[in-house]
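Hi everyone, thanks for coming. Have the sequence and the 3D view open while I talk, and stop me whenever you get lost.

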Amino acid sequence: TQIASGVDFWFSSNEHDYTGWIPSTLADPTNSVAAWGPLYSPAGAIVAGGALGHRAVLYKRGSIFVGQYTGPIDKWLFDCVSESIGCVGPDALVVAQDRHWFCSGDNFYVFDGSRPVPIGDKLRDWFSANTFAGEMPTMSGAYDPTHNAIIWTFDSIAMSPTTGTRSGVAYSIETGEWGRADYNGSMVKIEPGIKGLELFNPIASGQLELGALIAGNDGYIQV
């Protein structure tokens, strides 16, 4: 059954059942408590989302919405907490240590549910000079528990078309410093720093299997 469609709609399944998506208004309410709703303002497509405790957070390219569960009928109530900061794409959002880490295109942020805090100010000039704005939605992020770091890889001006190498950056949660993390198709290699940046506590060098960095989980919200 086609209930609603659009890039700015969210859909919530039955409780504890990710296979049921028909809202109670269109089915027997005793058998279905799915729901859906639009996020019209600010305008734009929903591009990413993730859980934050018992809340659901949805991202557009230039805005952030935090949802609270309200009950079995309407299910979720979303409030816009930022009308100027958002996420560039679905894989640019990393959920780690009860926070969200993401790239907005012009900076990197950490979000704890209240307000997004910039973490990439001293990286902005380097990042702007080494990325293609049109390729931002293809950025991928992951949490590295070994180094306690967030890694983002992306197509860059310096990438190799023959080897598939993607440039990347690694942010140390412990020190707040940045390093370079280049991806060659199967491995992420972390280097101590980025040229032009003064790093006092650079991330240790090492190699990590990319597959070990990415983990998925079951959820009950789909956008």
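I'll go from the overall picture to the sheets, then to the cores, the rings and a few single residues.

Before that, the ground rules. This is a predicted model, so local features need pLDDT of at least 70 and side-chain atom pairs count only at pLDDT 80 or more, while totals for chains, interfaces and linings use all residues. Residues are numbered from 1 along each chain as its sequence is written, and side-chain values use heavy atoms, with hydrogens and water left out.

Okay, the overall picture. The protein chain comes to one helix and 17 strands. Those are DSSP runs, numbered from the N terminus: helices are H or I with at least four residues, strands are E with at least two. Of the 223 residues, 47% count as buried. Buried means under 20% relative accessible area, exposed means over 50%, and partly exposed is in between, using a 1.4 Å probe and protein chains only. If you take the contacts with a separation of 6 or more, residues 24 or more positions apart account for 45% of them; contact here means heavy atoms within 4.5 Å.

Now the strands. Two strands pair if DSSP finds at least two bridges between them. Start with S1 (residues 9–12), which runs antiparallel to S2 and is joined to it by four bridges. Phe 11 has Trp 36 in S2 as its bridge partner. S2 (residues 35–38) has a nice alternating pattern: Ala 35 and Gly 37 point to one face and are buried, while Trp 36 and Pro 38 point to the other and are not.

Next, look for an open sheet of four strands, S3-S4-S5-S6 in that order, with antiparallel pairing. S3 (46–52) and S6 (75–82) are its edge strands, each pairing on one side only. Inside it, S4 (residues 55–60) and S5 (residues 63–71) pair over five bridges, and Lys 60 has Ser 63 in S5 as its bridge partner.

There's another open sheet of four strands, ordered S7-S8-S9-S10, also with antiparallel pairing. Why is one side of S7 and of S10 left without a neighbour in the sheet? S7 (94–96) and S10 (116–118) stand at the edges, and each has a single partner strand, so there is nothing in the sheet on the other side. In this sheet, S8 (residues 99–103) and S9 (residues 108–111) pair over four bridges, with Trp 101 standing opposite Val 110 in S9.

Remember Trp 101, since we'll meet that residue again. In soluble globular proteins, nonpolar side chains tend to be buried together. A nonpolar core is a set of buried Ala, Val, Leu, Ile, Met, Phe, Trp, Tyr and Cys residues joined through side-chain atoms within 4.5 Å. The largest one here has 34 residues, and Trp 101 is among those that touch the most other members, along with others including Tyr 59, Phe 102 and Met 139. S9 gives the most to this core, with four residues. Apart from it lies another core of nine residues, among them Ala 35, Leu 39, Phe 65 and Trp 76.

On to the rings. They belong to Phe, Tyr and Trp (its six-membered ring), and they pair if their centres lie within 6.5 Å; planes under 30 degrees apart are stacked, over 60 edge-to-face, and the rest tilted. The count comes to 14 aromatic pairs. In one of them, Trp 101 and Tyr 171 have ring centres 6.0 Å apart and planes at 45°, so the pair is tilted. Trp 101 lies in S8 and Tyr 171 in S13 (residues 167–172), so the pair ties together parts that are 70 residues apart in sequence. Trp 101 is buried at 2% relative accessible area, and Tyr 171 is buried at 8%.

How many disulfides are there? Zero, going by pairs of cysteine sulfur atoms within 2.5 Å. For Cys 103, the nearest cysteine sulfur is that of Cys 87, 7.4 Å away. Cys 103 is buried at 0% relative accessibility, whereas Cys 80 is partly exposed at 30%.

Last stop: Gly 120, in the loop between S10 and helix H1 (124–129). Is Gly 120 buried or exposed? Buried, with a relative accessible area of 1%. Its C-alpha atom is 5.5 Å from that of Asn 107, 13 residues apart along the chain. Leaving aside neighbours within four places in sequence, Gly 120 is in contact with Asn 107, Phe 108 and Trp 178.
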